[in-house]
Amino acid sequence: MGKGPGLYTEIGKKARDLLYKDYQTDHKFTLTTSSPTGVAITSAGTKKGELFLADVNTQLKNKNVTTDIKVDTYSNLYTTITVDQPAPGLKAIFSFRVPDQRSGKVELQYLHEYAGISSSIGLTANPIVNLSGVIGTNVLALGTDLSFDTKTGNFTKCNAGLNFSNVDLIASLTLNEKGDSLNASYYHIVNPMTNTAVGAEVTHSFSTNENTITIGTQHALDPLTMVKARVNNAGKASALIQHEWRPRSLFTISGEVDTKSIDKSAKVGLALALKP
């Protein structure tokens, strides 16, 4: 475990990654090339049914400044400039999208041994202000995540979370959607030698009185091959296998079936990431 409680986005992240990361029903190809001067170019293409989406991302690193420039299928230009450690524990991020003149945003992140703070503000006349903070340690942490619309004078987001961690177990509890949704998640390392872990997530909606339950597991067949599986109370079952066939290059195949409608065809997704 690292020092400090981290940022609010890290509450429940281990369970979310186990249950949702790398699962997909699309076909995706990614190619990353890099140069000794610190320039990396990533080209990605995704086929969603009959729709094909593509983007090209260029990343430039100079000392503690990282610049990311991405162009997508619709000719949108995304630019993100990250300054790491302009002061101890501080990170500054500036981002904008062309042609959207209202997309500019400045974000500051600060990590301390007993706190983690993130704040951002849109560069408009009536911006949305985001503020999240976590206090505690790497064992027990309490945090909140807020968004305020200065134009309407209303809070658009008001969440709170609690996180407990030890060597092989992480449990979290969050209250989302302005108190309408309660989420509890659990992540447990069964065998660190084979990267075997289990996880579960339960979400309760107070307005609809509905529960969503998802459980999953992962296991490394060998140092280069990982398998994962999950199922939820809606009857959706998914599985994937991911193989690192060369350093940093991954091939992933995943599938999903609806156990309540076996007559429907299974959804299959493929992903190939190449980093020569």
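Helices (H or I, at least four residues) and strands (E, at least two) are DSSP runs, numbered from the N terminus. The model is predicted: local features need pLDDT of at least 70, side-chain atom pairs count only at pLDDT 80 or more, and totals for chains, interfaces and linings use all residues. Residues are numbered from 1 along each chain as its sequence is written, and side-chain values use heavy atoms, with hydrogens and water left out.

**Exercise 1.** State how many helices and strands the chain has, and judge its compactness from the radius of gyration.

Solution.
- Step 1. The chain has one helix and 19 strands.
- Step 2. Its radius of gyration (taken over C-alpha atoms) is 21 Å, and the globule rule (2.2 Å times the number of residues to the power 0.38) gives 19 Å for 276 residues.
- Step 3. These values are close, so the chain is as compact as a globular protein of that length.

**Exercise 2.** Find where K13 and D17 lie, and describe how their side chains meet.

Solution.
- Step 1. Both residues belong to helix 1 (residues 13-20).
- Step 2. They are four residues apart, about one turn of the helix.
- Step 3. Their side chains form a salt bridge (a side-chain nitrogen of Lys or Arg within 4 Å of a carboxyl oxygen of Asp or Glu), with an N to O distance of 2.7 Å.
- Step 4. Relative accessible area sorts residues into buried (under 20%), exposed (over 50%) and partly exposed (in between), with a 1.4 Å probe and protein chains only. K13 is partly exposed because its value is 40%; D17, at 25%, is also partly exposed.

**Exercise 3.** Work out which parts of the chain the salt bridge between D26 and K48 ties together.

Solution.
- Step 1. The side chains of D26 and K48 meet at 2.9 Å, N to O.
- Step 2. D26 is in the loop between helix 1 and strand 1 (27-34), while K48 is in strand 2 (residues 39-48), so the pair ties together parts 22 residues apart in sequence.
- Step 3. D26 is buried at 18%, whereas K48 is partly exposed at 40%.

**Exercise 4.** Locate S118, classify its exposure and find its polar side-chain partner.

Solution.
- Step 1. S118 sits in strand 8 (residues 115-122).
- Step 2. Its relative accessible area is 11%, so S118 is buried.
- Step 3. The side chain of S118 makes a polar contact with that of E107 at 3.0 Å. Such a contact is a pair of N or O atoms within 3.5 Å; within protein, one must be able to donate a hydrogen and the other to accept it, and residues adjacent in sequence count only if both atoms are side-chain atoms.
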